[in-house]
Amino acid sequence: MEKDILFIGYPKCSTCQKAEKFLRAHGCDAPMRDIKSEKPTADELRAWHAQSGLPLKRFFNTSGMLYRELALKDKLPAMTEEEQYAVLASDGMLVKRPLLITKDRVLTGFREKEWAELFA
């Protein structure tokens, strides 16, 4: 199953560490792709967004410092989807983490109940 799972996080993020611990406890040893050093591309984000069925805003790390510094809360509503993908792809720290991508699902953030459904 691991080869079908892409796990993206930030190693220094405590939530990402919890998510990684959860995955290991459930027998998944998919490595964590560092969102800062190997940031998602606009094409990856476009594909994950389409697969997720979630609003694009859910892919933004709205509690991050960079999100606030760039005043994205005020700018996003006026931006096109393509502009939003470009902004997200510009810096991994703008992307909600952790991300768990399987062939069927895309989960943003770590909500244990939601992740547990994948391993039930």
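## Briefing: an open sheet, its helices and selected residues

Leu 70 has a relative accessible area of 34% and is therefore partly exposed, a value that falls between the limits of under 20% for buried and over 50% for exposed. The structure is a predicted model, and the points below concern the sheet, two of the helices, and several residues in strands, helices and loops. In this model, four strands form an open sheet with mixed pairing, in the order S2-S1-S3-S4, and helix H1 (residues 14-25) lies across three of the sheet's elements, namely S1, S2 and strand S3 (99-101).

**The loop between H3 and H4**

- Leu 70 is located in the loop between H3 and H4, where, once residues up to four places away in sequence are set aside, Leu 70 touches Lys 75 and Leu 94.
- Leu 70 and Glu 117 are 47 residues apart along the chain, and 35 Å separates their C-alpha atoms.
- Ala 71 also belongs to the loop between H3 and helix H4 (72-75), and with a relative accessible area of 30% Ala 71 counts as partly exposed.
- The phi of Ala 71 is positive, near 50°, although the residue is not a glycine. Most residues other than glycine have a negative phi.

**The sheet**

- The strands at the edges of the sheet are strand S2 (32-34) and strand S4 (106-108), each of which pairs on one side only, and from one strand to the next the twist averages 20°.
- Strand S1 (residues 6-9) pairs with S2 in the parallel sense, over three bridges, and within this pair Ile 8 stands opposite Arg 33 of S2.

**Arg 33 in strand S2**

- Arg 33 belongs to strand S2 and counts as buried, because its relative accessibility is 11%, whereas the cut-off for a buried residue is under 20%.
- A polar atom of the Arg 33 side chain lies 3.1 Å from the backbone oxygen of Glu 38.
- Not counting residues up to four places away in sequence, Arg 33 touches Leu 6, Phe 7, Ile 8 and Gly 9, and likewise Glu 38, Lys 39, Pro 40, Glu 44 and Trp 48.

**Helix H1 against the sheet**

- H1 runs at about 155° to S1. At 1.5 Å a residue, its 12 residues should span 16 Å, and the C-alpha atoms at its ends are 16 Å apart, so the expected and modelled spans agree.
- Cys 16, Ala 19, Phe 22 and Leu 23 are the buried residues of H1, and because these residues cover an arc of only 115° around the axis, they are on the same side of the helix.
- An α-helix has 3.6 residues a turn, so residues three or four places apart point the same way.
- The buried residues of H1 pack against S1, S2, S3 and helix H6 (112-118), while the face turned away from the buried side carries the exposed residues Lys 18, Lys 21 and Ala 25.
- After H1 comes Gly 27, with a positive phi near 80°.

**Helix H5 and Gln 84**

- The buried residues of H5 are Gln 84, Tyr 85, Val 87, Leu 88 and Ala 89, and the buried residues of this helix pack against H2 and H4.
- Gln 84 sits in helix H5 (residues 81-90) and counts as buried because its relative accessibility is 10%.
- Apart from its neighbours within four places in sequence, Gln 84 is in contact with Leu 56, Phe 60, Leu 76 and Met 79.

**Gly 64 and the cis bond at Pro 98**

- Gly 64 is part of the loop between helix H2 (42-52) and helix H3 (65-69), and at 10% relative accessibility this glycine counts as buried.
- Gly 64 and Met 93 are 29 residues apart along the chain, yet 7.2 Å separates their C-alpha atoms.
- The peptide bond joining Arg 97 and Pro 98 is cis, with omega about -5°, and Pro 98 lies in the loop between H5 and S3. Most peptide bonds are trans.

Terms used
Residues numbered from 1 in each chain as written. Predicted model: local features only at pLDDT ≥ 70, side-chain atom pairs only at ≥ 80, totals over all residues. Heavy atoms only, no water. Pairing = 2+ DSSP bridges. Helix = DSSP H or I, 4+ residues; strand = E, 2+ residues; numbered from the N terminus. Axes fitted to C-alpha atoms, helices over the stretch in contact; angles between N-to-C directions. Contact = heavy atoms within 4.5 Å. Expected span 1.5 Å × (residues − 1). Buried < 20%, exposed > 50% of the residue type's maximum accessible area, 1.4 Å probe, protein only. Arc of directions from axis to C-beta. Polar contact = N/O pair within 3.5 Å; in protein donor to acceptor, adjacent residues only side chain to side chain.
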